[in-house]
Amino acid sequence: MSDILKVIKEIGKGRNLEMNLPKYMNYMMSAYYRNSSIRLAMNYYTYLTMEQEEEQSSEWTALTARLDKVIKSTILSEFDGTILEEAVKEIDSIRNQLIADTKTVTLYADQFQIYEYILNRMEGRFEEAEALPLNYSDDKFVQRLLEYMMQDQDRSVISQKITEIVSTLPVRLTKQRYYEIVKDSFLLFVGSERQALEDHVFMLKSSAALLLPETESDPIRYQEMDVFLKELKEVDWDALTLEQYQMIQKKLYQVSTEIDRITNLSTLLIEVINDVYILLLSMPYALTEAEEAATCKEIMRRSQTVSDHSEEEELFALFEQLEGKQERISEQLTVNASLLDSLEQQKELMESIMLDKIYHSLLRIEKLASTSHFIELDAAVDRTIVDHDYAEQRAHEVIGEFAECFKGCSRRKIRSMMAASMMALPIFFKNADELKEYAKTALSSCSDAEEKRSSVILLKTIMESLPNQMEKE
């Protein structure tokens with residue numbers, strides 16, 4: 001460890017780069033290889049076990065089969081440069097397909113969230129629900145909300161609380177006022193890179209369910225979700241019957257359970273895929289510990305053939321041999337990887353000593369090893385600085401999309417979309433008095449008794465779910 005720290009220190013000072021850069025990169029490749037090898041051994045077995053517990057779609061099974069083939073032909077076989085090159089293309093294709101599928105499921109989840117909001121605020125019409133306290137008053141409740149939001153010293157915690165409370169309050173904004181809030185959020189990005197603004201655009205449109213799932217494939221990838229979504233779009237919420245309410249409630253629960261199942265499996269699978277990808281990129285350069293590498297490969301090999309629990313004891317014994325290693329390597333990587341991005345300035349030197357390929361592989365590995373598991377590896381990043389005109393232009397375009405969408409929506413759906421988007425909008429109050437007035441107006445102007453009751457109960461639940469809760473009314 002001390003040797004690599006000395007190398008990093010010398011590189012930072014620009015000393016002996018022709019000797020130190022290869023040392024640093026080989027060290028990083030070896031560390032990434034070991035880290036991902038151990039993590040893959042553990043996660044691969046877990047994923048295959050989860051995948052076998054429930055019946056999967058043919059598309060999902062095919063994706064797993066492609067992944068298994070890549071692992072078997074490269075990680076569990078003798079090194080072959082030609083096979084490795086094709087395997088890198090294949091794992092990239094597998095990863096892109098999973099990301100595309102996960103995006104689709106996420107967009108369906110965003111859509112269903114809008115209708116769940118509507119249904120939750122009609123609960124008391126069709127079933128017994130908690131009533132407002134006998135001594136309830138808007139003024140007292142708003143004061144309690146304000147105290148809850150402002151009781152922390154940490155400004156980030158305060159901001160999170162305000163966002164959550166505002167998105168739960170009844171929405172009684174005019175469309176014009178809402179558009180002003182959206183526009184103001186865009187103007188905050190003046191002086192920032194355009195990519196940051198586009199990330200904000202995506203989060204805003206996604207949270208408000210303005211982005212629709214792709215349905216061009218034949219057959220549609222998630223047919224049942226698509227059919228149910230179309231049914232929800234035709235519901236007359238003001239004339240909703242008990243039978244319709246119960247049917248929608250049941251289907252929303254079923255689709256939510258399925259989305260959670262797919263999301264959990266996708267999250268584990270992307271971690272497995274990322275580690276396989278890292279191993280393929282680092283394999284030609286990494287130095288490994290023979291015993292450790294053999295244990296990892298044996299776990300993977302057994303994982304591919306285990307269809308019951310008969311060999312679990314032997315597998316768990318192998319797992320114990322790796323205990324604690326991945327954490328130690330991961331800590332070292334966290335400390336030593338910080339140098340990578342700064343090496344771009346040595347681009348010409350790296351090309352002259354033939355390190356450019358290994359450097360680009362390390363940058364790719366760094367992305368794959370990050371906590372942003374679904375990061376797009378080749379996405380173009382617009383570094384252009386946002387000026388006032390561009391921010392206004394993008395705001396105008398996005399507001400136009402909202403306006404077009406709102407034309408065909410019921411009042412309940414528009415309010416639900418506005419409420420959901422509050423989670424992606426910065427706080428738009430200048431001081432506590434404005435916040436207090438907003439909350440008071442939202443509650444006092446809500447003429448729908450059931451919407452108000454459910455909103456207040458939800459807000460009480462939020463306040464009472466955290467430590468140091470205030471006294472109940």
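A residue is called buried when its relative accessible area is under 20%. Keep that in mind as you look at this predicted model, because buried residues make up 45% of the 473 residues in the protein chain.

**Stop 1: the whole chain**

Start with everything selected and shown as a cartoon. You should find 20 helices and 0 strands. Turn the C-alpha trace around and you'll see that it spans about 75 × 55 × 45 Å along its principal axes. Now switch on the surface: the accessible part comes to about 25,100 Å², and 50% of that belongs to carbon and sulfur atoms.

Next, colour by charge. There are 54 positive and 84 negative side chains, and the centres of these two sets lie 4 Å apart.

How much of the contact list comes from residues 24 or more positions apart? They account for 83% of the contacts with a separation of 6 or more.

**Stop 2: colour by confidence**

The pLDDT averages 91 over the chain, and 95% of the residues score at least 70. Then select residues 468-473, where the pLDDT is below 50. In the model, this stretch has 14 contacts beyond near neighbours in sequence.

**Stop 3: Asp101**

Select helix α4, residues 81-120, and pick out Asp101 within that helix. Is Asp101 buried or exposed? Its relative accessibility is 12%, so Asp101 counts as buried.

Which residues does Asp101 touch, leaving out those up to four places away in sequence? Show Arg221 and Tyr222 to see them. Try the distance tool on Asp101 and Arg221: their C-alpha atoms are separated by 8.3 Å, although the two residues are 120 apart along the chain.

**Stop 4: His200**

Move on to helix α9, residues 194-207, which holds His200. With a relative accessible area of 8%, His200 is buried. Who are its partners? Leaving out residues up to four places away in sequence, His200 touches Ser185, Phe186 and Phe189, and also Ala424, Leu425 and Pro426.

**Stop 5: helix α6**

Select residues 138-150, which form helix α6. What end-to-end length should you expect here? At 1.5 Å a residue, the 13 residues should span 18 Å, and the end C-alpha atoms are 18 Å apart, so the two agree.

Show the side chains of the buried residues: Asp138, Phe141, Val142, Arg144, Leu145, Leu146, Tyr148 and Met149. Their cover includes α7 (155-168), α19 (432-444) and α20 (449-464).

As you look down a helix, here's a handy rule: an α-helix has 3.6 residues a turn, so residues three or four places apart point the same way.

**Stop 6: helix α12**

Now select residues 290-305 for helix α12. Its 16 residues should span 22 Å at 1.5 Å a residue, and the end C-alpha atoms are 23 Å apart, which agrees. The buried residues of α12 are Glu292, Ala293, Thr295, Cys296, Ile299, Met300, Arg302 and Ser303. Add α2 (17-53), α3 (58-73), α13 (312-321) and α14 (325-336) to your view, as these are what the buried residues of α12 pack against.

**Stop 7: helix α16**

Finish at residues 356-368, helix α16. From first C-alpha to last, its 13 residues reach 19 Å, close to the 18 Å expected at 1.5 Å a residue. Which of its residues are buried? Highlight Ile358, Tyr359, Ser361, Leu362, Ile365 and Leu368. Among the helices covering them are α2, α4, α11 (242-282) and α15 (347-352).

Methods. Residues are numbered from 1 along each chain as its sequence is written. This is a predicted model: local features need pLDDT of at least 70, side-chain atom pairs count only at pLDDT 80 or more; totals for chains, interfaces and linings use all residues. Side-chain values use heavy atoms; hydrogens and water are left out. Helices (H or I, at least four residues) and strands (E, at least two) are DSSP runs, numbered from the N terminus. The expected span of a helix is 1.5 Å times one less than its number of residues. Buried means under 20% relative accessible area, exposed over 50%, partly exposed in between (1.4 Å probe, protein chains only). Contact means heavy atoms within 4.5 Å. pLDDT is the predictor's confidence in each residue, from 0 to 100. Accessible areas come from the Shrake-Rupley method with a 1.4 Å probe; for residues, only the protein chains shown count as cover. Lys and Arg count as positive and Asp and Glu as negative; His and the chain ends are not counted. The place of a charge is taken as NZ of Lys, CZ of Arg, CG of Asp or CD of Glu.
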